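Me: Could you take a close look at a single helix for me, and at what surrounds it? I'd like to know which of its residues are tucked away and what covers them.

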Protein chains: 2
Amino acid sequence: MKKSREILIVGSVAFDDVETPAGRRERSLGGSAQYFAVGASHFAPVRLVAVVGDDFPEERVAALAARGVDLNGLERVPGQTFFWRGRYGADFGDAETLDTRLNVFADFAPKVPAAYKHTPYVFLGNIHPALQEQVVDQVVEPKLIGCDTMNFWISGEPAALAQLLRKINLLIINEGEARLLSGEKNLFKAVAKIKEMGPQLVIIKKGAHGAALFHPEGVFFVPAFPLSALQDPTGAGDTFASGVMGYIAQRDSLDFKTFKMALVYGTAMASFACEGFSFDRVAPLTQDEIHARAEQLKAMMSLD
Amino acid sequence: MKKSREILIVGSVAFDDVETPAGRRERSLGGSAQYFAVGASHFAPVRLVAVVGDDFPEERVAALAARGVDLNGLERVPGQTFFWRGRYGADFGDAETLDTRLNVFADFAPKVPAAYKHTPYVFLGNIHPALQEQVVDQVVEPKLIGCDTMNFWISGEPAALAQLLRKINLLIINEGEARLLSGEKNLFKAVAKIKEMGPQLVIIKKGAHGAALFHPEGVFFVPAFPLSALQDPTGAGDTFASGVMGYIAQRDSLDFKTFKMALVYGTAMASFACEGFSFDRVAPLTQDEIHARAEQLKAMMSLD
């Protein structure tokens, strides 16, 4: 029997107006699901569940399809595609959101096509936890359900989020989100509380300070890849998740060693994401470039 | 010929009044040189150059001597010992200094005893860069001169610090200090500039985010040891440096692999420092405890 290693991603597909200290870009391609799909397509076949408006260019759909992204789950409805406008300060820290227009995303109810229902690896991009849960309820016997969220849902939709967290395996969030979700300042206490909420696998993103994995078999840290020329951090978190989930799907294993390497690949992918606007740097990556950066990271952690 | 692995430490010996979210302590034993001497004494013979007042207890001097710390360089003069009072906020971040009384330290001019002049490993604790330089000028053919400093000297004594930096090999400072010293926000650019100022070995302390080594042969990262019960971070930086310098002196090598392991041991020692007030936790450590924690840290970085 052929091994199935597909990844289903649900999330947003968007146009972004982005301003960073390195420049600005209008109607840049973005959205959590699009960032994830482009990144993960370097590792495994990707199935996309999302919605776009009739302003979304056909050639962009074709470009995703050419990457091996299955678009049967991409709805196209009348209206405008989700739009976000944001600006990064001099330190490239959290973006200031200047405008958000949900547009066609406002009525989005994710429908998982019949052909996607047995997808083994599922990632829930950062959208309303009730929508994320709708996807969980439509897939059959997945091997791993990974999930992202953000302060907006942690504070605004705690009940829906709590219900979702009981149904997922892996939560990938940043340090501040982990503290807000758990009410604990100490990261290790925060993760212990999050595990009580459901997910037995937790990955904490620490930006320039790397990432930490909390696996049933142990804890593992990876430093961030040192970047000298940041361009645009938009989508770095989704691209990180795409490397993590992509590597796991490719290896088709949930063991500790696979997760460790997945963190290395996620970190490598996130570093590429920051080196260009949109996924300019990520989309054309070769396997050699990805492996070379992962090897550079491994060298920075090696005691030999 | 017998290999010489002694470490000379110059810095402050102090009494501290400390308040942290975990409690408070009055007339706690402290000061950069005392913290360093206690930590490093687990690795190599230590020679102390410092000054105390006539209020410093004889039994404390005897306790340091019992640890193998050579006290021929400890001056005792009429007056009060250096005193610092500080308070840590809820996040155990940077301490707020409430009072500093230099006392006998105000007239300190470090004198390196004749028997110390050929000490191979030298560490300059965080005192005025002109005093640090006086020590450099008194030692003969050291193998390694390590140095700490702080924002106060970086901003207040840039010329004296610049002169000192040309004479040292290893600078151990925190991220904020590296940015202030270099004028660069990006850590890697900051370190490149610092290397132009003199030291070819730079270690950046990142607190809860671990530490980074910049060695001529490469870059290396170590995560912080996860602490669930912080007591008092006072002296953690000096104790980190004591583990780094102590391990290097014990191995009597400056190669990349030795420096990497030195970072692991420095991180282990710093974690112990935070687990108790003063050096309550560090002083009674056994070799087994130190090695066990270093092994735990290594496991958190291992891809196997």
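Reply: Here is a walk around one helix of chain A, α7. Bear in mind that this is a predicted model, where local features need pLDDT of at least 70, side-chain atom pairs count only at pLDDT 80 or more, and totals for chains, interfaces and linings use all residues. Residues are numbered from 1 along each chain as its sequence is written, while chains are lettered from A and ligands numbered from 1 in the order in which they are written.

The helix spans residues 187–197 of chain A (helices are DSSP runs of H or I with at least four residues, strands are runs of E with at least two, and both are numbered from the N terminus). Its buried residues are A:Leu187, A:Ala190, A:Val191 and A:Ile194; buried asks for 20 or more other C-beta atoms within 10 Å of the residue's own, with C-beta atoms placed from the backbone. These four sit on the same side of α7(A), because they cover an arc of only 95° around the axis, taken from the directions from the helix axis to the C-beta atoms. That fits the usual geometry: an α-helix has 3.6 residues a turn, so residues three or four places apart point the same way.

And the cover? It includes β11 (170–174), α6 (175–182), β12 (201–205) and β13 (211–215), which belong to chain A too; contact here takes C-beta atoms, placed from the backbone, within 7 Å. Right after α7(A) comes A:Gly198, with a positive phi near 150°.

Methods: A residue is buried if 20 or more other C-beta atoms lie within 10 Å of its own, exposed if 12 or fewer, and partly exposed in between; C-beta atoms are placed from the backbone. Two residues are in contact if their C-beta atoms, placed from the backbone, lie within 7 Å.
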